[in-house]
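Q: Please take a close look at the shell around the ligand: how do its residues divide by type? Set the answer in the context of the whole model.

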Amino acid sequence: MGLIDAIPRREDAIGAPFRGLPGVPPMLAAPIVGCAFEPRCVHSVQSCKSHRPKLVETLDPSVFAACPVINDHLLERVS
Ligand code: SF4
């Protein structure tokens, strides 16, 4: 989800600051439980912390994403 938010939007002004993910990437030496983006994701839900997200079909049937809330967020962006 945070990665989706980082995609430039058509309505962004030219030269608008890059919207990256705040924080730092996870330490790869330690096993990652749940979603690797969970500590930095503003859309995370309880299961993101404890379970690796399963691939789900998005609103575009040709696109899958490993995120339980992807479709809710995409619907917000198009409405
Ligand atoms: S699975 Fe959870 S933590 Fe990972 S990007 Fe989606 S909402 Fe954020």
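A: Ala, Val, Leu, Ile, Met, Phe, Trp, Tyr, Cys and Pro count as nonpolar, Asp, Glu, Lys and Arg as charged, and the others, Gly among them, as polar. On that basis the ligand shell holds nine nonpolar residues, three polar and one charged. This is a predicted model, in which local features need pLDDT of at least 70 and side-chain atom pairs pLDDT 80 or more, while totals for chains, interfaces and linings use all residues. Residues are numbered from 1 along each chain as its sequence is written.

The shell has 13 residues (C-beta, placed from the backbone, within 6 Å of the ligand), and Cys35, Cys41, Ser44, Cys48 and Cys67 come nearest. Of these, Cys48 falls within helix H2, residues 46–50. Helix H2 has the highest confidence in the protein, a mean pLDDT of 95 (the predictor's confidence in each residue, from 0 to 100), whereas helix H1, residues 2–6, has the lowest, at 72. Over the whole protein the mean is 87, with 94% of residues at 70 or more.

The protein has three helices and two strands (DSSP runs numbered from the N terminus: H or I of at least four residues, E of at least two), in the order α-α-β-β-α. Its C-alpha atoms fill a box of roughly 40 × 30 × 20 Å along the principal axes. Of its 79 residues, 9% are buried (20 or more other C-beta atoms, placed from the backbone, within 10 Å of the residue's own).

Definitions and conventions. Buried ≥ 20, exposed ≤ 12 C-beta atoms within 10 Å, placed from the backbone.
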